[in-house]
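Student: Could we go through this one together? I'd like to see how each label is earned.

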Amino acid sequence: FGYSGLTSINLPENLQIISESLFKNCEQLTIINISNNVQTIESSAFSGCIQMQNIKLPDQIVNINNNVFEKCYNLQELILPKSLKYIGIEIISGCSLIKSIIIPKNLGKRYVYSSSPFAGSSIEKVIYEEGSTIIIQGMFDSLSTLKEIILPNSIIDIEKNSFRSCISLTHIDIPNNVQSIGSFAFGYSGLTSINLPENLQI
């Protein structure tokens, strides 16, 4: 259906995978109803849907691959599913209206490390859900707009390059249970102050 004039879609209840580029550059698409059985959204599935303002992702979704909502310029909010485990790169690149994101506690892996999931976005505030234990390698690498990060006490590991080159991030409170911080986790960032726990291993 890519590059078509679709304005609305209702996906069938038995659908589990939204295929790669399935609705790419459907520039008139505004209404999307995703069934609760969908578990995977493949790369660029909704990339370039420039009229889309809102989309509700079922909590059963486990995989969001690369560039899924890239260049959805009018998308105002993205609530990541609570069951999300895998995330690709540049999922909301160019979506300048989205200013904050909540990271679900089950997220633990990325598909590739060539870029960050939020590269090219305008995210200013990140909140990790209580129960989260890890910040994945390169998660916010080069996210120049990031100003605030709120971490729960459940976080124990901040992997390498997590906040590298986050030039607008000037302060962070590291939770008391964090045991290790990887190399260049905050390298080249804008940090001017940081609160570190006593038991930290660097």
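Tutor: Gladly. Keep in mind that this is a predicted model. By class, seven nonpolar, two polar and one charged residues line the largest cavity.

Student: What makes the residues of that lining nonpolar, polar or charged?

Tutor: The class follows from the residue type, and Lys counts as charged while Ile, Leu, Met, Pro and Tyr count as nonpolar. The lining includes Lys105, Ile103, Pro104, Leu107, Tyr128 and Met139. Ser132 and Thr133 also belong to the lining, and types outside the nonpolar and charged groups count as polar. The space in this cavity is about 50 Å³.

Student: Why do strand E7 and strand E11 count as edges of their sheet?

Tutor: The open sheet runs in the order E7-E9-E11. E7 (100–103) and E11 (148–150) each have a single partner strand, so one side of each is left without a neighbour in the sheet.

Student: How do you know that E7 and E9 pair?

Tutor: Pairing needs at least two bridges, and four bridges join E7 to E9 (residues 125–128). The two strands therefore pair. Isoleucine 103 stands opposite tyrosine 128 in E9, and both Ile103 and Tyr128 help line the largest cavity.

Student: Why is lysine 71 called partly exposed?

Tutor: Its relative accessibility is 42%. Partly exposed lies between buried, under 20%, and exposed, over 50%, so lysine 71 counts as partly exposed.

Student: And what makes tyrosine 188 exposed?

Tutor: Tyrosine 188 has 61% relative accessibility, and exposed means over 50%, so tyrosine 188 counts as exposed.

Technical notes: Residues numbered from 1 in each chain as written. Predicted model: local features only at pLDDT ≥ 70, side-chain atom pairs only at ≥ 80, totals over all residues. Heavy atoms only, no water. 1 Å grid on protein atoms, 1.4 Å probe; cavity = no way out; pocket = protein on both sides within 12 Å on 5 of 7 lines; lining within 4 Å. Points joined across faces, edges and corners; volume = space filled by probe spheres on them. Buried < 20%, exposed > 50% of the residue type's maximum accessible area, 1.4 Å probe, protein only.
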